[in-house]
Amino acid sequence: MIREKMSASQTPMQEEDVAVCQRVYDHICEARHISTDSEREELAIQILHFYQHGVKDQGSLERLLL
């Protein structure tokens, strides 16, 4: 899901950036028991939004979204 949403964004990301976002995505999906496609899509969009606006630390991203 992260890669799909990333390709729609205007800001290119390095593989390291994608890995951080993917780890956050996986952790939040598990912690919040997110199972529907629409919830997963919304989460991916939120993660990329925060990341592209300067929240690049994995722990900070997780705290914002939990």
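**Helix packing in a four-helix predicted model**

Of the contacts in the protein between residues at least 6 apart in sequence, 56% join residues at least 24 apart. The structure is a predicted model, and its secondary structure amounts to four helices and zero strands. Along the sequence, the order of elements is α-α-α-α. The protein has 66 residues, of which 30% are buried. Its accessible surface is about 4,300 Å², and carbon and sulfur atoms account for 47% of that surface.

Two packed helices are described by the angle between their axes and the distance between those axes. Helix H2, formed by residues 15-31, packs against helix H3, formed by residues 37-52, at an angle of about 135°. The axes of this pair lie 10 Å apart. Angles over 145 degrees would count as roughly antiparallel and those from 65 to 115 as roughly perpendicular; H2 and H3 are therefore oblique to each other. Their crossing is right-handed. On the H2 side, the contact is made by Asp17, Val20, Cys21, Val24, Tyr25, Ile28 and Cys29. On the H3 side, Arg40, Leu43, Ala44, Ile47, Leu48 and Tyr51 take part. Classified by residue type, the contact of H2 with H3 comprises eleven nonpolar and two charged residues, with no polar residue.

H2 also packs against helix H4, which spans residues 58-65. The axes of H2 and H4 come within 10 Å and cross at roughly 35°, and the crossing is right-handed. In this contact Val20, Arg23, Val24, His27 and Ile28 of H2 meet Gln58, Leu61, Glu62 and Leu65 of H4. By class, the residues of the contact of H2 with H4 are five nonpolar, two polar and two charged. Val20, Val24 and Ile28 of H2 appear in the contact with H3 and again in the contact with H4.

The third helix pair consists of H3 and H4, whose axes come within 11 Å and cross at roughly 130°. H3 and H4 are therefore oblique to each other, and H3 passes H4 in a right-handed crossing. Leu43, Gln46, Ile47, Phe50 and Tyr51 of H3 meet Leu61, Leu64 and Leu65 of H4. This contact of H3 with H4 contains seven nonpolar residues and one polar residue, and no charged residue. Leu43, Ile47 and Tyr51 of H3 belong to the contact with H4 and also to the contact with H2. Within H4, Leu61 and Leu65 meet residues of H2 as well as residues of H3.

Two individual positions complete the description. Ala19 is located in helix H2. With a relative accessible area of 29%, Ala19 is partly exposed. Ala19 and Gln58 are separated by 39 residues in sequence, while their C-alpha atoms are 9.9 Å apart in space. Gln58 is itself one of the H4 residues in contact with H2. The other position, His33, lies in the loop between H2 and H3. His33 has a positive phi of about 55°, although it is not a glycine. The relative accessible area of His33 is 67%, and the residue is exposed.

Conventions
Residues numbered from 1 in each chain as written. Predicted model: local features only at pLDDT ≥ 70, side-chain atom pairs only at ≥ 80, totals over all residues. Heavy atoms only, no water. Axes fitted to C-alpha atoms, helices over the stretch in contact; angles between N-to-C directions. Helix = DSSP H or I, 4+ residues; strand = E, 2+ residues; numbered from the N terminus. Parallel < 35°, antiparallel > 145°, perpendicular 65-115°, else oblique. Left-handed = near helix turned anticlockwise from the far one by under 90°. Contact = heavy atoms within 4.5 Å. Nonpolar A, V, L, I, M, F, W, Y, C, P; charged D, E, K, R; others polar. Buried < 20%, exposed > 50% of the residue type's maximum accessible area, 1.4 Å probe, protein only. Areas by Shrake-Rupley, 256 points an atom, 1.4 Å probe, with all protein chains shown as cover.
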